[in-house]
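Hi everyone, thanks for coming. Today I'd like to walk you through a structure step by step, so please have it open and turn it along with me.

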2 protein chains.
Amino acid sequence: MQLNALTQLYLDFLKSETFIGTPTTLYDSMNYIMSLGGKRIRPALVLAGNHMAAGTPNSALPIAHAIEIFHNFSLVHDDIMDAALVRRGNPTVHVKWNEPTAILSGDNLLIFAYKYLLNYDGPNKDLILSIFSDTAVKICEGQQWDMEFAYTPAVSEENYLLMIQYKTAVLLGCALQCGGLSAGISKEHSHLLYELAIDIGMQFQLMDDYLDAFGEEFLIGKKSGGDIIEGKKTWLYIKSEELDKNTESWFNSYLGDDRVTVIKQHWLSMGLDKMILQKAEHYKLRAENKIMSWEQLGYSSEILTEILDFLSGRKA
Amino acid sequence: MQLNALTQLYLDFLKSETFIGTPTTLYDSMNYIMSLGGKRIRPALVLAGNHMAAGTPNSALPIAHAIEIFHNFSLVHDDIMDAALVRRGNPTVHVKWNEPTAILSGDNLLIFAYKYLLNYDGPNKDLILSIFSDTAVKICEGQQWDMEFAYTPAVSEENYLLMIQYKTAVLLGCALQCGGLSAGISKEHSHLLYELAIDIGMQFQLMDDYLDAFGEEFLIGKKSGGDIIEGKKTWLYIKSEELDKNTESWFNSYLGDDRVTVIKQHWLSMGLDKMILQKAEHYKLRAENKIMSWEQLGYSSEILTEILDFLSGRKA
């Protein structure tokens, strides 16, 4: 099976699992965020983990759905915290409804994530529930770090990388690992999947930072420079601060229409474009090494290469 | 064992279970809300349910703690939604820190509630997890109904009672039921405990509404009339609207210093004080009948009478 087929398997399941309940506002808002799309990479990773270990991907659908629901819970709450107006081209939940509804909508999504996990009936159930919970805690911690970094001078690269690992990569790790566990693999083997997907996630997040600054509009499907306009502390900003103590001052002093262009130019002259690509490549290589180790354990690995290419394939 | 002893058993456990982690802000805020006190009636109900069925209350501590953590999660998020400044005489979490931290603090508490439940190792674990999740969903629904009722004209008594059942009573039901289940009783017997604690909860909530309007300050430990000042739709307001179509108009038109006194006088003249006491008594009688049924099944029941008296004992 290919990534496309597994994603489609999940999409069919998703269609059959509309949330139903009252007050309708609460359930409408939950169905709304789930319907906004996205790559559905997390549920696909669960099914891929299962498939590679010769499982029956259908049996892992409750886990795949739980992780996608959890991801959407985090989007709804993060959007409130970040005062974001738009999510995937549509109004965020707290904008379309209101903030109290968005808080409850997220809370209920988190509970439903557990409900689906509890309905899973297959190998390693307790371990999966425990890994999921530990991952969920890390994601809350990552989001809190992210918010605190906005007011922290000179965040170190190490702390920044740990933050994106917690905020983004661990859920990919959890997805692939739990997928493998649902096919009955050992805890030890599953750990390799966790580490592997974290490397994929780190590479993806760094490429995301790169593309937002230097990507061609037609390739990334949105105007570049969004992170600069928002004043977001990406890897580029953190590294820029490390290399040039005046970064904060010139980053905030250019306010003209050409702000994005000027800052990008500055970063290009510092070689940050090459450095971030190198850093992303570092994680890609780590992932590739782990894919080989996985192969050596006797599992199939083609789909992992496909996932890695898919997530790094947006290179400008 | 008496209620006091069981509460003390929980308090000792609570003291040993401080949340530890980083960022410290996140964990400080979680420990803060847990430390603000309260009656700890929910964990006591879990231990009481276990004790009555001849269990070993110590084994139910993870469940007791999970339910108390869940309760505190709901307080943190409800306080944001209600823009409440004070909780148990102290600043609310979103006031003491900020709203994003309060959202994440609640999220992490909810995850930790599940972590403790998952650590429970005793009879009926799957059933307990399932009852807990269903209860958690109901509580979200109840809070959403409560918020929507603020803008709904002529809420029916039936809908109001259902809302407080979801928002408040079901967690008491879940606590007592899961306590019983942790001592190994059957699903059927445990259901009686659920229904019984719901009656206790309904009675408690109605007495709370009564006391807020008509209670003597020295007995309830706060100024009466808080609900009137906040314009909260309590049972008294709902019933007043049902009996007098002009309620909304006169409720909102008295704005002088004597507003609370005038509205209370109005409600007294309508006999609402007697009616709400009667309604609370109705639930108390239902609870007492169920306590007898419980006794007839061969379980001890003294502590239930003690709990019922404790929760209704604040009568003015």
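Let's start with contacts inside chain A. Take those between residues at least 6 apart in sequence: 75% of them join residues at least 24 apart. Please keep in mind that this is a predicted model.

Now the overall picture of chain A. There are 16 helices and two strands in chain A. Its C-alpha trace spans about 55 × 50 × 35 Å along the principal axes. What radius of gyration would a compact globule with 316 residues have? The answer is near 20 Å, and chain A has 20 Å, which agrees. As for burial, 49% of the 316 residues of chain A count as buried.

Next, how do the two chains relate to each other? A turn of 180 degrees, with a shift of 0.0 Å along the axis, lays chain A on chain B with an RMSD of 0.0 Å. That is the relation of a two-fold axis. The same surface serves both copies, as 100% of the contact residues of chain A recur in chain B.

Let's look at that surface. In the model, 31 residues of chain A are in contact with 31 residues of chain B. On the chain A side, the elements that give two or more residues are α2 (24-35), α4 (61-81), α6 (99-119) and α7 (125-149) of chain A. Which of them gives the largest share? That is α7(A), with twelve residues. By type, the residues on this side of chain A divide into 17 nonpolar, ten polar and four charged.

Now please move over to chain B and find helix α4, residues 61-81. At 1.5 Å a residue, its 21 residues should span 30 Å, and the end C-alpha atoms are indeed 30 Å apart. Of those 21 residues, 20 are buried, so α4(B) is largely enclosed by the rest of the structure. Just after α4(B), Ala83(B) takes a positive phi of about 50 degrees.

Helix α6 of chain B, residues 99-119, makes a nice companion. The expected span for its 21 residues is 30 Å, and its end C-alpha atoms are 30 Å apart, which agrees. Here 18 of the 21 residues are buried, so α6(B) is also largely enclosed by the rest of the structure.

Let's zoom in on Ile69(B), which lies in helix α4 of chain B. Is Ile69(B) buried or exposed? Ile69(B) counts as buried, because it has 28 C-beta neighbours inside 10 Å and the cut-off for buried is 20 or more. Leaving out residues up to four places away in sequence, Ile69(B) touches Leu109(B), Phe112(B), Ala113(B) and Tyr116(B). For a sense of distance, Ile69(B) and Phe204(B) are 135 residues apart in sequence, and their C-alpha atoms are 21 Å apart in space.

One of those partners deserves a second look. The largest nonpolar core has 194 residues, and those with the most contacts inside it are Ala113(A) and Ala113(B). With the residues up to four places away again left out, Ala113(B) touches Ala66(B), Ile69(B), Phe70(B) and Phe73(B).

On to helix α12, starting with chain B, where it covers residues 235-243. Its buried residues are Trp235(B), Leu236(B), Tyr237(B), Ile238(B), Lys239(B) and Ser240(B). What covers them includes α8 (157-182), α9 (187-214), α13 (247-253), α14 (259-269) and α15 (272-296) of chain B. In chain A, Leu243(A) belongs to helix α12. Leu243(A) is partly exposed, with 13 other C-beta atoms within 10 Å. Its C-alpha atom is separated by 9.8 Å from that of Leu272(A), 29 residues apart along the chain.

Finally, some backbone details in the loops. The peptide bond from Thr22(A) to Pro23(A) is cis, with omega near 0 degrees, and Pro23(A) sits in the loop between α1 (3-16) and α2 of chain A. In chain B, a cis peptide bond joins Thr22(B) and Pro23(B), with omega about -5 degrees.

And where is Ala154(A)? Ala154(A) lies in the loop between α7 and α8 (157-182) of chain A. Its phi is near 50 degrees, a positive value in a residue other than glycine. With 11 C-beta neighbours inside 10 Å, Ala154(A) counts as exposed. Over in chain B, phi of Ala154(B) is near 50 degrees too, and Ala154(B) is exposed, with 11 other C-beta atoms within 10 Å.

That's my tour, and thank you for listening!

Terms used. Residues numbered from 1 in each chain as written. Chains lettered and ligands numbered in written order. Predicted model: local features only at pLDDT ≥ 70, side-chain atom pairs only at ≥ 80, totals over all residues. Helix = DSSP H or I, 4+ residues; strand = E, 2+ residues; numbered from the N terminus. Expected span 1.5 Å × (residues − 1). Buried ≥ 20, exposed ≤ 12 C-beta atoms within 10 Å, placed from the backbone. Contact = placed C-beta atoms within 7 Å. Nonpolar A, V, L, I, M, F, W, Y, C, P; charged D, E, K, R; others polar. Rg over C-alpha atoms; globule rule 2.2 N^0.38 Å. Core = buried A, V, L, I, M, F, W, Y, C linked by C-beta atoms within 7 Å. Least-squares fit on C-alpha atoms with pLDDT ≥ 70 in both.
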